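Me: I have a model open and want to learn how to read its features. Can you take me through them in turn?

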Amino acid sequence: MAKIIVVTSGKGGVGKTTSSAAIGAGLALRGHKTVVIDFDVGLRNLDMIMGCERRVVFDFINVIQGDAKLKQALIKDRRNDNLWVLPTSQTRDKDALTQEGVETVLNELREDFDYIICDSPAGIERGAHLAMYYADEAVVVTNPEVSSVRDSDRVLGLLNSKTSRAEKTGAEPVQAHLLLTRYDQGRVAKGEMMKVEDILEILSIPLLGIIPESTTVLKASNVGMPVVFDDKSQAAKAYEDAVSRLIGEQLEIQLQPVERPGFFQRLLGRTA
Amino acid sequence: MRLFGFTFRAPRTDATADMAKERLQILLAHERVDRSNAELLPILQREILEVVKRHMKVDSKTVDIKLERGDDISSLEINVELPGARQLQAARGAALSA
């Protein structure tokens, strides 16, 4: 039976789609058949991040409305046979998503896949609500910054009240995990950025991983490659560790050491 | 002061991260409670006005209700504007002449 995992945050721009793609690819690399669904109707982007934007013919909304079969809309990743994408519509709006439609599609995907990753849109409106509604687990993507932490807290409240598991009596609640992204150890050391312990204390959910601020993430999105496929980068390693914890492995959280500029770099006044 | 790319200055003391944490803790403690009763203030305002109206003549526009959330204490401020002496006399005069 497939596990449905929503990647959500409330706030926009914190790395939901990057994380959905990376987690999906990470699960696929470990041999789990995984599909990543874009719930951001009208602002489709998962296809670009995963590098399949030119192969989209039918989408999630076409399937919901009965205009296409699910098999026609699913796109298989060219790098990994276990990885699939279900893109959304770029022209419709969020009202095209219906609860029954989403449930039907998810039930059909459950037959075939081990993991279903729902990439939520920002906000707490219809798209975000339906992305989390059928979830078994949630990855709450948070930046070490006040508005992101506040929105994550709000989303945690919704996961505990406005989901199928919350409404069903006797069901286990949605299991939420914190994924801290854009973490800058150097700024934390200077006291400019909240440290992971602070955020864990405030949100009180288990930590899935810490993704360091990294130039790799932008480069990966430039070429349409999920971050984990770039196996040398620190961000890729951090996502792989997060995936290990997601599938239940016990793994210690490792923080990357602060990179200090070398003597010549300092002499030349470079800060990069 | 910069010399050959080195910066000479006192170490920074603006540890703003602690402020961020503190502000979030205070705010979220309140927001988590408010989630269960989101419509509290409008309801409170309506009910208070009903009670006051039972005993005094007041206009619904003259009730102002404020909630200030603090770290140690929070305060609920209710301000009801009552008609002044001049208004009362004018009202009485109008009633007598009628």
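What follows is a dialogue on chain make-up, burial, charge pairs and backbone angles.

Me: What kind of model is this?
Reply: It is a predicted model.

Me: Let us start with chain B. How many helices and strands does the secondary structure of chain B come to?
Reply: Chain B has 3 helices and 4 strands. From the N terminus on, their order is β-β-α-α-β-β-α.

Me: What share of the residues of chain B count as buried?
Reply: Here buried means under 20% relative accessible area. Of the 98 residues of chain B, 14% count as buried. Chain B exposes about 8200 Å². Carbon and sulfur atoms supply 55% of that area.

Me: And sequence range? What part of the contacts in chain B join residues at least 24 apart?
Reply: Take the contacts in chain B between residues at least 6 apart in sequence. Among these, 32% join residues at least 24 apart.

Me: Now a helix. How do I read its burial?
Reply: Start with the general idea. An α-helix has 3.6 residues a turn, so residues three or four places apart point the same way. Then count the buried residues. In helix α6 of chain A, residues 126-133, 6 of the 8 residues are buried, so the helix is largely enclosed by the rest of the structure.

Me: Which residues of α6(A) are buried?
Reply: They are A:Gly127, A:Ala128, A:Leu130, A:Ala131, A:Met132 and A:Tyr133.

Me: What do the buried residues of α6(A) pack against?
Reply: Two strands of chain A, β1 (3-8) and β5 (115-119), are partners. So are the chain A helices α5 (99-112), α7 (146-159) and α8 (164-167).

Me: Next, charges. What is the general idea?
Reply: Side chains of opposite charge can pair when their charged atoms come close. Over all chains, the count comes to 15 salt bridges.

Me: Which residue meets A:Arg44 in a salt bridge?
Reply: A:Asp47 does, at 3.0 Å from N to O. A:Asp47 has 4% relative accessibility, so A:Asp47 counts as buried.

Me: Where do I look for a pair that crosses between chains?
Reply: Look at B:Arg32 and A:Asp153, whose closest N and O atoms are 2.5 Å apart in a salt bridge. This pair runs from helix α1 of chain B to helix α7 of chain A. Its ends sit in contrasting surroundings: B:Arg32 is partly exposed, with a relative accessible area of 36%, whereas A:Asp153 is buried, at 4%.

Me: Which residues are linked in a network of salt bridges?
Reply: A:Lys195, A:Asp198, A:Glu201 and B:Lys21 form such a network.

Me: What about a charged residue with no salt bridge?
Reply: Try A:Arg110, in helix α5 of chain A. A:Arg110 is buried yet has no salt bridge. The nearest side chain of opposite charge is A:Asp136, 4.1 Å away. The cut-off for a salt bridge is 4 Å.

Me: What is A:Arg110 in contact with?
Reply: Leave aside its neighbours within four places in sequence. The contacts of A:Arg110 are then A:Met1, A:Ala2, A:Ile4, A:Ile116, A:Tyr134 and A:Asp136.

Me: Which residues form a negative surface patch?
Reply: B:Asp18, B:Glu22, B:Asp71 and B:Asp72 form one. B:Glu22 belongs to helix α1 of chain B, residues 16-34. At 47% relative accessibility, B:Glu22 counts as partly exposed.

Me: Last, backbone angles. Which residue in strand β7 of chain A should I check?
Reply: Check A:Arg182, in strand β7, residues 175-183. A:Arg182 is not a glycine, yet its phi is positive, about 60 degrees. Its relative accessibility is 42%, so A:Arg182 counts as partly exposed.

Me: Which residue forms a salt bridge with A:Arg182?
Reply: A:Glu213 does, with the closest N and O atoms 3.1 Å apart. The pair links distant parts of the chain, 31 residues apart. A:Glu213 lies in the loop between β8 and α11 (215-223) of chain A. At 40% relative accessibility, A:Glu213 counts as partly exposed.

Me: And A:Ser204: buried or exposed?
Reply: A:Ser204 is exposed, with a relative accessible area of 59%. A:Ser204 lies in the loop between α10 (196-203) and β8 (207-212) of chain A. Its phi is positive too, near 40 degrees, in a residue other than glycine.

Terms used
Residues are numbered from 1 along each chain as its sequence is written. Chains are lettered from A and ligands numbered from 1 in the order in which they are written. This is a predicted model: local features need pLDDT of at least 70, side-chain atom pairs count only at pLDDT 80 or more; totals for chains, interfaces and linings use all residues. Side-chain values use heavy atoms; hydrogens and water are left out. Buried means under 20% relative accessible area, exposed over 50%, partly exposed in between (1.4 Å probe, protein chains only). Contact means heavy atoms within 4.5 Å. Patches are made of residues with over 30% relative accessible area and no salt bridge: like charges are joined within 9 Å, nonpolar side chains (Val, Leu, Ile, Met, Phe, Trp, Tyr) within 5 Å. Accessible areas come from the Shrake-Rupley method with a 1.4 Å probe; for residues, only the protein chains shown count as cover. Lys and Arg count as positive and Asp and Glu as negative; His and the chain ends are not counted. The place of a charge is taken as NZ of Lys, CZ of Arg, CG of Asp or CD of Glu.
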